[in-house]
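Let's take a friendly walk through a protein fold, one piece at a time. Have a look at the sequence and the 3D view below before reading on.

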Amino acid sequence: MPWLRTSLLAATLVASGATAPFQCAGDPDPDQAHEEEPAEALYGLANQFQQRGDKPAQLETLRYIVARYPKSRFAVMARDDLEKTSAK
C-alpha cells in the first residue's frame, strides 16, 4: 500500500497547486508606496547634509554611493553632484 500513500500525496500536491492564487504580471501602480533602494536612501541623506551645510558629510556620502552602487541611477546623480562641487 505504499504506492497508495504516494499517489495520495502526489494528488494532494497537484490539487493544492491548482488552487493557488495567481498574480498578474504588469507594471506596479505608481500610487502605491515603493521600497527605497539603498542608493536612493543614501542620496536623500546626502541632500539632507547639503541642506544642513555639512559639506564634508555630503561629499563622503556621494562618494560612497558611487563606490558602493556604481551602476545605480543615483550613482550617476552623485557623480554629477561631485563634479559640480569640484568645479566651484
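Where is the place of S72? S72 sits in the loop between α3 and α4. Keep in mind that this is a predicted model. We will return to this serine after a look at the whole chain.

## The whole chain

The chain has 4 helices and 0 strands. Read from the N terminus, its elements run α-α-α-α. Of the 88 residues in the chain, 22% are buried. About 7400 Å² of the chain is exposed, and carbon and sulfur atoms supply 58% of that area. Now consider the contacts in the chain with a separation of 6 or more: residues 24 or more positions apart account for 36% of them.

## Three helices side by side

Here are three of the helices, with the distance between their end C-alpha atoms and the span expected at 1.5 Å a residue.

| Helix | Number of residues | End-to-end C-alpha distance | Expected span |
|---|---|---|---|
| α2 | 15 residues | 21 Å | 21 Å |
| α3 | 14 residues | 20 Å | 20 Å |
| α4 | 15 residues | 22 Å | 21 Å |

For α2, the distance agrees with the expected span. The reach of α3 is close to what is expected, and α4 also agrees with its expected value.

## Helix α2

Which residues of α2 are buried? They are A39, E40, L42, Y43, A46 and F49. These buried residues pack against α3 and α4. After α2 comes G53, a residue with a positive phi, near 85 degrees.

## Helix α3

The buried residues of α3 are A57, Q58, L59, T61, L62 and I65. Their cover includes α2 and α4.

Let's pick out Q58, which lies in α3. Is Q58 buried or exposed? Its relative accessibility is 4%, so Q58 counts as buried, the cut-off for buried being under 20%. Leaving aside residues up to four places away in sequence, Q58 touches A46, F49 and Q50. Two of these names may look familiar: A46 and F49 are among the buried residues of α2.

## Helix α4 and its two sides

Helix α4 covers residues 73–87. Its buried residues include F74, A75, A78, D81, L82 and T85. Why do they lie on the same side of α4? They cover an arc of only 120 degrees around the axis, which puts them on the same side of the helix. On the other side of α4, the residues R73, E83, K84 and A87 are exposed. What covers the buried residues of α4 includes α2 (38–52) and α3 (55–68).

## Back to S72

Now we can return to the serine from the opening question. What does S72 do at the N-terminal end of α4? S72 caps that end, with a side-chain oxygen 3.0 Å from the backbone nitrogen of F74. With a relative accessible area of 10%, S72 is buried. Not counting residues up to four places away in sequence, S72 touches E37 and A39.

## F74 and its aromatic partner

The residue F74 lies in helix α4. Its relative accessibility is 6%, so F74 counts as buried. Setting aside residues up to four places away in sequence, F74 touches E37, A39, E40, Y43 and I65. E37 and F74 are 37 residues apart along the chain, and their C-alpha atoms are separated by 9.7 Å.

How many aromatic pairs does the structure hold? It holds 1 aromatic pair. The rings belong to Y43 and F74, with their centres 6.0 Å apart and their planes at 45 degrees, so the pair is tilted. Y43 lies in helix α2 and F74 in helix α4, so the pair ties together parts that are 31 residues apart in sequence. Both Y43 and F74 are buried.

## Putting it together

Try tracing these links in the 3D view. Start at the buried residues of α2, which pack against α3 and α4. Then find Q58 of α3 and its contacts with A46, F49 and Q50. Finish at F74, whose backbone nitrogen lies 3.0 Å from a side-chain oxygen of S72 and whose ring pairs with that of Y43.

Definitions and conventions. Residues numbered from 1 in each chain as written. Predicted model: local features only at pLDDT ≥ 70, side-chain atom pairs only at ≥ 80, totals over all residues. Heavy atoms only, no water. Expected span 1.5 Å × (residues − 1). Buried < 20%, exposed > 50% of the residue type's maximum accessible area, 1.4 Å probe, protein only. Arc of directions from axis to C-beta. Contact = heavy atoms within 4.5 Å. Polar contact = N/O pair within 3.5 Å; in protein donor to acceptor, adjacent residues only side chain to side chain. Phe/Tyr/Trp six-rings, centres within 6.5 Å; stacked < 30°, edge-to-face > 60°. Areas by Shrake-Rupley, 256 points an atom, 1.4 Å probe, with all protein chains shown as cover.
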